[in-house]
Amino acid sequence: MGRVGIYGSSFDPITNVHLWTASTVAHRAKLDKVIFLPCSSNRPDKKMNSSDEHRMNMVNMAIQNNPKFEADRYEMEQPGWEISTYLTLKHYREKFPDDEIYFIMGADLLVDIGEGKWKRAEELIQENKFIVMARDGINMLSAISKSPILRNSDDGYTFHLIDKGLAMEISSSYIRDELKMGGEPRYLVPDACYDYIKTNHLYE
């Protein structure tokens, strides 16, 4: 029985912090595999700054040397209005029936789920397991205890909280802003991705 982490994000672009985070989480939570799941530009709640194709190409370049990392186009291939984390995790539980599936997310998303902002929040929490990464200024234990949805579903195995040394907040938006202003965010993304961004004039 393996342990698989699903790491969903815009990856617009993927950064060295995404990679470092995935690697740290895999090590601490003893994951056998991390699946990078770029979200679709069809989603009504998200606006991407580069195409699905470009984002997928960069993810593949970024992870190619790590045998524990995989990329999956699953969400990109779903109709935008149907995409929800609940259905996505159901898909992976069916795809890997013998493995334990974990959804990797930041503490800010934990708060949103706890406040009922996500589709099918209660079922999502009851049926899945989560690895939650610290975010500055968010008390994860307090977020769980304050929310009826979260605290009533926490059997001690639902949330794996990682709160030490994971708050490096170099964001994709910072990198996009730098590129737009003619900056040089070179060492914040993998070299291959930086060259790809420059060659394809992304985020200018």
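In this predicted model, one aromatic cluster is formed by Tyr7, Phe11, Phe36 and Phe69. Two members of the cluster, Phe36 and Phe69, make an aromatic pair. Their ring centres lie 4.9 Å apart, and the planes meet at 65 degrees. This arrangement is edge-to-face, because an angle over 60 degrees puts a pair in that class. The pair joins distant parts of the chain. Phe36 belongs to strand 2 (residues 33-38), whereas Phe69 belongs to strand 3 (residues 69-71). The two residues are 33 positions apart.

Both rings belong to buried residues. Phe36 has a relative accessibility of 0%, so Phe36 counts as buried. Phe69 has a relative accessible area of 10%, and it is therefore buried, since the cut-off is under 20%.

The structure holds nine aromatic pairs. Another of them is formed by Tyr92 and Phe96. Here the centres are 6.4 Å apart, with 5 degrees between the planes. This pair is stacked, because its planes are under 30 degrees apart. Tyr92 and Phe96 are buried too.

The largest pocket contains about 1,200 Å³ of space. Its lining comprises 49 residues. Closest to the pocket centre are Gly8, Ser9, Ser10, Lys46 and Leu109. Several elements each give two or more residues to this lining. The strands are strand 1 (3-9) and strand 4 (100-106). The helices are helix 1 (16-28), helix 3 (85-95), helix 4 (107-114) and helix 8 (172-180). By residue class, the lining holds 21 nonpolar, 15 polar and 13 charged residues.

Definitions and conventions: Residues numbered from 1 in each chain as written. Predicted model: local features only at pLDDT ≥ 70, side-chain atom pairs only at ≥ 80, totals over all residues. Heavy atoms only, no water. 1 Å grid on protein atoms, 1.4 Å probe; cavity = no way out; pocket = protein on both sides within 12 Å on 5 of 7 lines; lining within 4 Å. Points joined across faces, edges and corners; volume = space filled by probe spheres on them. Helix = DSSP H or I, 4+ residues; strand = E, 2+ residues; numbered from the N terminus. Nonpolar A, V, L, I, M, F, W, Y, C, P; charged D, E, K, R; others polar. Phe/Tyr/Trp six-rings, centres within 6.5 Å; stacked < 30°, edge-to-face > 60°. Buried < 20%, exposed > 50% of the residue type's maximum accessible area, 1.4 Å probe, protein only.
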